[in-house]
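Q: Got a minute to go through this one with me? I'd like to start with what's on the outside and work inwards.

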Amino acid sequence: MEPLTLAAIIGFSLSALLGIIAVLIALSRAKKLKAYTVRTTAEIVKLEIGYLSSRPTDKPKQPLIFPTYRYKVNGVTYEKLSRVGTTETPFKVGDLTEILCDPDAPEKMILVDSRGFKIAVTVLGAMAVFFAAATLSAVLLLSNI
């Protein structure tokens, strides 16, 4: 196989993979938005600091902030630590946010307006388009040499 063909296959495959991941994330969220029908307000009651590192043996590199949400459903109080951290603090303890909960399992919740979801889908989609455009440009440029 020629190097240009192999590079094109790799580039377009990477682009397709990134696009598929973005679509799967969006479909998962859409499914939850449909299934999680209990709407309530959650309060941020705690902010925990965690660290991002590529391997467990690495020294901590980037601090991440993980909020804990407290909310009530049918008179029962729940607390949930977010699994999504952020490097910036767009919120503070005491802030309120709208959430949706699974009526059969109220401990399962999602944010109505999820900044992390928007960022993830946007970045993955942009990367997919970038890799497709870069690969196409390289193939067209190199095939004319």
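A: Sure, one term to begin with: buried means under 20% relative accessible area, exposed over 50%, and partly exposed in between (1.4 Å probe, protein chains only). The model is predicted, with local features needing pLDDT of at least 70, side-chain atom pairs counting only at pLDDT 80 or more, and totals for chains, interfaces and linings using all residues. Residues are numbered from 1 along each chain as its sequence is written, and side-chain values use heavy atoms, with hydrogens and water left out.

Q: Good. Is Met-1 buried or exposed?
A: Met-1 is exposed, because its relative accessible area is 75%. Met-1 sits in the segment before α1 (3–35); helices (H or I, at least four residues) and strands (E, at least two) are DSSP runs, numbered from the N terminus.

Q: And which residues form a nonpolar patch on the surface?
A: Met-1, Leu-6, Ile-9 and Ile-10, with about 440 Å² of accessible area together. Patches are made of residues with over 30% relative accessible area and no salt bridge, where like charges are joined within 9 Å and nonpolar side chains (Val, Leu, Ile, Met, Phe, Trp, Tyr) within 5 Å. The areas come from the Shrake-Rupley method with a 1.4 Å probe, and for residues only the protein chains shown count as cover. A salt bridge here is a side-chain nitrogen of Lys or Arg within 4 Å of a carboxyl oxygen of Asp or Glu.

Q: Then how many salt bridges are there?
A: The count comes to 5 by that rule. Among them, Arg-70 pairs with Glu-79, the closest N and O atoms being 2.5 Å apart, and Asp-113 pairs with Lys-118 at 2.4 Å. Another joins the side chains of Lys-46 and Glu-48 (3.5 Å, N to O).

Q: Are Lys-46 and Glu-48 buried or exposed?
A: Neither: Lys-46 is partly exposed at 40% relative accessible area, and Glu-48 is partly exposed at 32%.

Q: Switching to helices. What is the span of α2?
A: The end C-alpha atoms of α2 (residues 115–143) are 42 Å apart, which agrees with the 42 Å that its 29 residues should span at 1.5 Å a residue. The expected span is 1.5 Å times one less than the number of residues.

Q: Which residues of α2 are buried?
A: Leu-124, Ala-128 and Thr-135 are buried there, and what covers the buried residues of α2 includes α1.

Q: What does Ala-22 contact?
A: Ala-22 lies in helix α1 and counts as buried because its relative accessibility is 7%. Leaving aside neighbours within four places in sequence, Ala-22 is in contact (heavy atoms within 4.5 Å) with Val-121, Leu-124 and Gly-125. Ala-22 and Leu-124 are 102 residues apart in sequence, yet 5.7 Å apart in space, C-alpha to C-alpha.

Q: Now the inside: which residues make up the largest nonpolar core?
A: There are 12, including Ile-44, Tyr-69, Phe-91 and Leu-111. Such a core is a set of buried Ala, Val, Leu, Ile, Met, Phe, Trp, Tyr and Cys residues joined through side-chain atoms within 4.5 Å. β1 (38–52), β2 (62–73), β4 (96–102) and β5 (105–111) each supply at least two of its residues, and β2 gives the most, with 4.

Q: Last one: what is phi of Asn-74?
A: Phi of Asn-74 is near 50 degrees, a positive value in a residue other than glycine. Asn-74 lies in the loop between β2 and β3 (76–81) and counts as exposed, at 76% relative accessibility.
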